[in-house]
Amino acid sequence: MMNAREVKAVDLRRSNCVESNDSTHRRRGTVASEKLLYVETFGCQMNVNDSEKIVALLRKVGYHPTQDSSRADLIILNTCSVREKPEQKVYSSLCRYKGLKNRNRRLLLAVGGCVAQQEGERLLEKVPYLDIVFGTHNLHLLPEMVRQAEDGTRRAEVGFIDGDARLDLFPVEDAAGGVSRFVTIMQGCDNFCSYCIVPYVRGREVSRRSVEIVQEIGELAAKGVKEVTLLGQNVNSYGLKSAGEPDFAGLLRQVATIPGIERIRFTTSHPKDISPPLIACFAELPTLCSHIHLPAQSGSDAVLARMGRGYTRDEYLQKVAALRAARPGIQITGDMIVGFPGESEADFRDTLSLMDVVGYADLFSFKYSVRPGTSAAGFADDVDGAVKQERLARLQELQRRMTLEANKGFVGSVQEVLVEGVSKRGGQLFGRTCGNRVVNFAGDPTLVGCSVRVEITRAFQNSLLGEIRGRGTR
Ligand code: SF4
């Protein structure tokens, strides 16, 4: 499962969609048929990437992105049902947009993603002012569904596509530029961890053809992109079901040869599928960044077994040690669930002690919530809500202290930073270290897209402050 950070609206920096261009088009009235699209994205980076594809697909039929929902002709909620909370937020967003729809009868409202996949036609029945429901395998139908909705036809499409036809679910988007871009390499998951809804709403694993991935990244590099993040629910399984395709380590080695790509990242990795060839990539590929997101979910063997994770605490720690041997200083982030059915105080302490041993750079942590249809939904949800809350608070407090301490450890060091943009506050530049720490520093905006050497002068909870000491090695 990917870390489910909520992302409001498409990340326009990454998707390179700039509203001012669109509003300029409108004011000038150069293209009478152009309409405005507002996308609200919930959940993980896969959804962010899908939202970028939605923007690219609908741009071709005259919809241009806006960050102002009140001006939109079409509002799309790209949803997440991995936990209860983001799912509830979808319904509160729909209520909010009902008011806009009452004021503008021509406004179209669509729901896509995991909640759409789960609910299907029922969603059209529950929400009478909703026009379109499209599932995780139906993005490509969206232009046609929007055209029909413009003519007053409401429609839900949530069919799964199997086999090779599903490879068409990875449309090559407009190769817009930017500094850093996501590239989907696979979709779905075969793991069926007992708490997780993903295999039910995203389907089984399918890997995209390596030749298309390499071609897309080559086009991005030609547009000036310097960093790519390879995306999938479990990238470590890439290619394993596809005859003639490389495995994930092989794919990384191909991407590392693409001229212009200075940094490669990937997410998410299932710990049980971290293979020796993948670990060797960290020793041998200098463009592979010194960061891995490796969700443990629990530090207790008993809980891991009930979660169906396929590894023990010791096996997890062995993988961490091997990664650190291959790439000293590698930054490790993770996910943890507290209050899984049957989790005792001793189990929870095992999780805290695992955090101590690993020394996570950062952690996404969540209270367990039942996801209907998963096998854990058959377990008694027997950890009291107050206990879950108290454990989450203890865990997050520990991680806050560890993250701040780790950040302080960078003070005085010189880090190579890829400059990603100009900060909104104070006119500073921002970028990330190879280990994925955000760094702010004063500098000339012409440095965006360049690597610079930055001496770290101060550490904060979520970022570092520094001063430029020269150009980077790339
Ligand atoms: S089933 Fe397990 S491996 Fe697959 S997405 Fe869910 S948590 Fe990740």
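**Exercise 1. Which order do the strands of the open sheet of three strands have, and what pairing do they show?**

*Solution.* The structure is a predicted model.

Step 1. The open sheet of three strands has the order β12-β13-β14, and its pairing is parallel.

Step 2. The edges are held by β12 (291-293) and β14 (362-367); each has a single partner strand, so one side of each is left without a neighbour in the sheet.

Step 3. On average, neighbouring strands of this sheet are turned by 10° against each other, direction ignored.

Step 4. Consider the pair β12 and β13 in detail. Three bridges join β12 to strand β13 (residues 331-338), and these strands run parallel. The bridge partner of His291 in β13 is Gln331.

Step 5. A helix is now added to the picture. Helix α15 (residues 385-408) packs on the sheet and touches β13 and β14. The direction of α15 makes about 175° with that of β14.

**Exercise 2. Determine where Gln399 is placed, whether it is buried or exposed, and which residues it touches.**

*Solution.*

Step 1. Gln399 lies in helix α15.

Step 2. The relative accessible area of Gln399 is 4%. The limit for a buried residue is under 20%, so Gln399 is buried.

Step 3. Leaving aside residues up to four places away in sequence, Gln399 touches Met355, Tyr360, Ala361, Asp362 and Leu363.

**Exercise 3. Describe the open sheet of six strands, from its order to its edges.**

*Solution.*

Step 1. The order of the six strands is β2-β1-β3-β4-β5-β6, with parallel pairing.

Step 2. β2 (63-65) and β6 (155-157) stand at the edges. Each has a single partner strand, so one side of each is left without a neighbour in the sheet.

Step 3. Neighbouring strands of this sheet are turned by 20° against each other on average, when direction is ignored.

Step 4. At the β6 edge, three bridges join strand β5 (residues 132-134) to β6, and the two run parallel. Within β6, Ala156 is the bridge partner of Val133.

Step 5. Helix α7 (residues 142-150) packs on this sheet, touching β1, β2, β3, β4, β5 and β6. The direction of α7 makes about 165° with that of β5.

**Exercise 4. Examine strand β3: its burial, its partners and the path of the chain that leaves it.**

*Solution.*

Step 1. β3 spans residues 74-79 and is mostly covered, since six of its six residues are buried.

Step 2. The side chains may be sorted by direction. Leu74, Ile76 and Asn78 point one way from β3, while Ile75, Leu77 and Thr79 point the other way. The residues of both groups are buried.

Step 3. On one pairing, five bridges join strand β1 (residues 35-41) to β3, in parallel. Glu40 has Leu77 of β3 as its bridge partner.

Step 4. On another pairing, five bridges join β3 to strand β4 (residues 108-112), also running parallel. Ile75 has Leu109 of β4 as its bridge partner.

Step 5. From β3 the chain crosses through helix α4 (residues 84-103) to β4, and this β-α-β crossover is right-handed.

Step 6. α4 lies across β1, β3 and β4, and runs at about 175° to β3.

**Exercise 5. How many disulfides does the count come to, and why does Cys114 form no such bond with Cys80?**

*Solution.*

Step 1. A disulfide is a covalent bond between the sulfur atoms of two cysteines.

Step 2. The cut-off for the two sulfur atoms is within 2.5 Å. The closest cysteine sulfur to that of Cys114 belongs to Cys80, at 5.8 Å, which is too far for a bond.

Step 3. The count comes to zero disulfides.

Step 4. The surroundings of two cysteines may be contrasted. Cys114 is buried, with a relative accessible area of 5%, whereas Cys95 is exposed, at 54%.

**Exercise 6. Summarise the protein chain and the confidence of its prediction.**

*Solution.*

Step 1. The secondary structure comprises 15 helices and 19 strands.

Step 2. The chain has 474 residues, of which 58% count as buried.

Step 3. Among contacts between residues at least 6 apart in sequence, 72% join residues at least 24 apart.

Step 4. The chain averages a pLDDT of 89, and 90% of the residues score at least 70. Over residues 4-32, however, the pLDDT is below 50. Beyond near neighbours in sequence, this stretch has 64 contacts in the model.

Terms used:
Residues are numbered from 1 along each chain as its sequence is written. This is a predicted model: local features need pLDDT of at least 70, side-chain atom pairs count only at pLDDT 80 or more; totals for chains, interfaces and linings use all residues. Side-chain values use heavy atoms; hydrogens and water are left out. Buried means under 20% relative accessible area, exposed over 50%, partly exposed in between (1.4 Å probe, protein chains only). Helices (H or I, at least four residues) and strands (E, at least two) are DSSP runs, numbered from the N terminus. Two strands pair if DSSP finds at least two bridges between them. A crossover is right-handed if, with the strands pointing away from the viewer, the path from the first strand over the helix to the second runs clockwise. Axes are lines fitted to C-alpha atoms, for helices over the stretch in contact, and angles run from 0 to 180 degrees between N-to-C directions. Contact means heavy atoms within 4.5 Å. pLDDT is the predictor's confidence in each residue, from 0 to 100.
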